[in-house]
There are 2 protein chains.
Amino acid sequence: MKKNKTACENCESRMSGVFCDLDSAELSNISEHKVTNVYKKGQNLFVQGNHPYGLYCVSRGNIKVSKVGADGKESIVRIVKGGDVIGHRSLFTDQNYTATATAMEDSTVCFLDKKFIMKAIQEMPSVAMNIIEKLSRDMGAAENKVSSFHQKNVRERLAELLLLLKESHGEETEDGHIKINIKLTREEMATMIGTANETLIRFISEFKDEGLIEQDGKFIIIKDEDELMNWADANY
Amino acid sequence: MKKNKTACENCESRMSGVFCDLDSAELSNISEHKVTNVYKKGQNLFVQGNHPYGLYCVSRGNIKVSKVGADGKESIVRIVKGGDVIGHRSLFTDQNYTATATAMEDSTVCFLDKKFIMKAIQEMPSVAMNIIEKLSRDMGAAENKVSSFHQKNVRERLAELLLLLKESHGEETEDGHIKINIKLTREEMATMIGTANETLIRFISEFKDEGLIEQDGKFIIIKDEDELMNWADANY
DNA sequence: AGCGAAATATAACCTAAATCAGGTTTTTAG
DNA sequence: CTAAAAACCTGATTTAGGTTATATTTCGCT
């Protein structure tokens with residue numbers, strides 16, 4: 001975890017986060033109060049049970065937020081990408097972290113002290129509003145997941161996951177299809193939809209056989225979005 | 001849905017909500033901008049797909065927030081009681097409602113116009129902060145649910161549900177036990193943990209046979225909390 | 001009070017998906 | 001480059017819990 005410093009003004013994810021509405025004076029104020037860290041793939045930003053001291057703001061890279069149960073089983077509850085904040089949930093409720101955050105690849109993440117971020121919320125209504133918006137959106141996603149568990153089978157949840165990943169990490173290829181530009185193991189995908197990796201692999205294979213998706217090395221390419229949407233909305 | 005008006009200052013849930021830190025001048029300002037409605041059991045405050053025009057603030061009664069899937073199956077994603085706000089999630093993301101809110105019993109609910117509540121957030125940092133806290137807490141609960149689905153079986157999820165209901169709706173009885181003071185059908189409990197009602201009934205019966213819980217009319221009484229906690233944290 | 005409709009309960013059966021077992025391929029580290 | 005370890009894949013077996021069926025009890029309503 002090397003430390004170095006980049007100005008927020010030059011951050012490649014500058015426009016997408018909760019600080020997007022700030023002017024350059026306010027931004028440079030934040031710049032001065034933050035620490036920038038580089039995490040290697042597999043390193044934790046924080047682990048379940050730790051006490052939170054501030055807010056993490058991802059500049060580059062994908063971070064997975066996961067919970068481990070009593071039996072040691074991992075569940076990925078969400079994936080956070082460049083521009084997003086992380087660690088806010090526990091920070092604002094003043095509990096210890098209820099999940100672990102791990103870099104899925106080499107990542108650059110800034111850290112803001114709790115006192116500073118609390119002051120920012122009080123003084124800059126746009127920051128408060130953006131945090132409220134972000135929490136609301138994330139909560140919507142979490143509640144969707146809950147009802148999907150009840151109402152959909154594994155095949156349907158997988159179709160849904162692929163479409164969500166397309167939204168969050170999709171990139172157009174030369175031939176006009178969408179490539180899911182994030183490296184995920186089958187195990188990780190399985191824990192995202194709450195199934196066993198053998199089961200997940202089986203349905204991935206089915207989707208490939210049926211021409212709904214294709215594989216490009218580690219990456220999945222969406223070939224038939226309409227059909228995936230049909231499955232995600234349950235039809236069998 | 002009869003209308004009448006009660007001052008926030010006299011609201012029985014005044015101290016528990018997002019407006020709890022306001023002084024009486026601020027409170028009476030809110031009082032003047034709200035509408036108070038009484039909903040009969042079974043009536044909807046809003047339904048999935050509607051456009052949100054403001055914020056609901058529950059004064060008295062329990063409101064269930066549920067989603068229906070493509071197959072018509074209902075899932076209760078959370079239950080909101082007196083003092084809590086509802087409808088904020090969709091309001092702040094400016095989407096249509098993604099769930100339906102239904103009164104579980106005759107309830108009193110106030111409604112605040114969107115413009116007014118947005119202004120309140122800008123001008124009263126405590127309101128913004130309380131909303132952030134509430135969203136964070138709710139989101140923690142939702143993420144716990146997601147990982148429970150993956151990591152726990154029905155018996156364990158039921159034990160967990162009973163303990164959560166004890167926290168949110170528990171009341172001490174004369175003989176020192178805790179009674180879950182909310183009327184829920186087996187069907188409703190089943191949809192809260194994503195199972196079939198027959199299955200839920202099976203495990204409720206088991207818990208009764210084993211002396212972990214007892215029934216007092218429509219209400220459940222926790223008899224052996226420790227054992228329930230063991231089950232909720234998974235041990236089989 | 002009495003009737004119909006929900007809600008509750010129990011048992012038998014069946015299926016979706018977990019688990020187990022055995023491979024092959026890819027990645028990583030020395 | 002090579003060995004070891006991950007990751008991936010497929011088939012067989014088992015099982016938790018969904019589904020179906022049938023009673024019984026309770027509730028809401030006129």
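Student: Of the atoms of DNA strand C within 4 Å of the protein, what percentage belong to sugar or phosphate, and where do the rest belong?

Tutor: This is a predicted model, and in it 64% of those atoms of DNA strand C belong to sugar or phosphate, while the rest belong to bases. For DNA strand D, sugar or phosphate accounts for 56% of the atoms within 4 Å of the protein, and bases for the rest.

Student: Which residues come nearest to DNA strand C?

Tutor: There are 18 residues around DNA strand C, and A:Asn153, A:Val154, A:Thr195, A:Thr199 and B:Arg186 come nearest. Individual atom pairs fill in the picture. An N or O atom in the side chain of B:Arg186 is 2.5 Å from a phosphate oxygen of the strand, and the side chain of A:Thr195 has an N or O atom 2.7 Å from a phosphate oxygen. A base is also approached: a base oxygen of DNA strand C is 3.3 Å from an N or O atom in the side chain of A:Arg202.

Student: Which elements give two or more residues to the surface near DNA strand C?

Tutor: They are α7 of chain A, together with α6 (186–193) and α7 of chain B. The element that gives the most is α7(B), with 5 residues. By class, this surface has 8 charged, 6 polar and 4 nonpolar residues.

Student: How should DNA strand D be read, and which residues come nearest to it?

Tutor: The same kinds of description apply. Of the 16 residues around DNA strand D, those that come nearest are A:Arg186, A:Lys218, B:Thr195, B:Glu198 and B:Thr199. A polar backbone atom of B:Val154 is 3.0 Å from a phosphate oxygen of DNA strand D, and a polar side-chain atom of A:Ser205 lies 3.1 Å from a phosphate oxygen. The side chain of A:Arg202 has an N or O atom 3.5 Å from a base nitrogen of DNA strand D. Two or more residues of the surface near this strand come from α7 (197–209) of chain A and likewise from α7 (197–209) of chain B. Here α7(A) gives the most, with 5 residues. The classes are 7 charged, 6 polar and 3 nonpolar residues.

Student: Turning to the protein chains, how much area do chain B and chain A bury between them?

Tutor: The size of an interface is often given as the accessible area lost when the parts come together. Chain B and chain A bury about 3,900 Å² between them, with 67% of it on carbon and sulfur atoms. Of the area that chain B buries against chain A, B:Met139, B:His150 and B:Gln151 supply 18%, more than any other three residues. In terms of contact, 43 residues of chain B meet 43 residues of chain A.

Student: How many salt bridges does the rule find across this interface?

Tutor: The rule finds 2 salt bridges between chain B and chain A. B:Glu143 forms a salt bridge with A:Arg78, and their closest N and O atoms are 2.5 Å apart. The two chains also have 16 residue pairs in polar contact. On the side of chain B that touches chain A, the largest share, 21 residues, comes from α4(B). The residues of that side divide into 17 nonpolar, 14 polar and 12 charged.

Student: What is the arrangement of the aromatic pair formed by A:Phe149 and B:Phe149?

Tutor: Over all chains, the count comes to 7 aromatic pairs. The pair of A:Phe149 and B:Phe149 is stacked, at 5.2 Å centre to centre and with 15° between the planes. This pair joins two chains, because A:Phe149 lies in helix α4 (residues 125–151) of chain A and B:Phe149 in helix α4 of chain B.

Terms used:
Residues numbered from 1 in each chain as written. Chains lettered and ligands numbered in written order. Predicted model: local features only at pLDDT ≥ 70, side-chain atom pairs only at ≥ 80, totals over all residues. Heavy atoms only, no water. Contact = heavy atoms within 4.5 Å. Buried area = accessible area lost by both parts, 1.4 Å probe. Salt bridge = Lys/Arg side-chain N within 4 Å of Asp/Glu carboxyl O. Polar contact = N/O pair within 3.5 Å; in protein donor to acceptor, adjacent residues only side chain to side chain. Helix = DSSP H or I, 4+ residues; strand = E, 2+ residues; numbered from the N terminus. Nonpolar A, V, L, I, M, F, W, Y, C, P; charged D, E, K, R; others polar. Near = heavy atom within 4 Å. Phe/Tyr/Trp six-rings, centres within 6.5 Å; stacked < 30°, edge-to-face > 60°.
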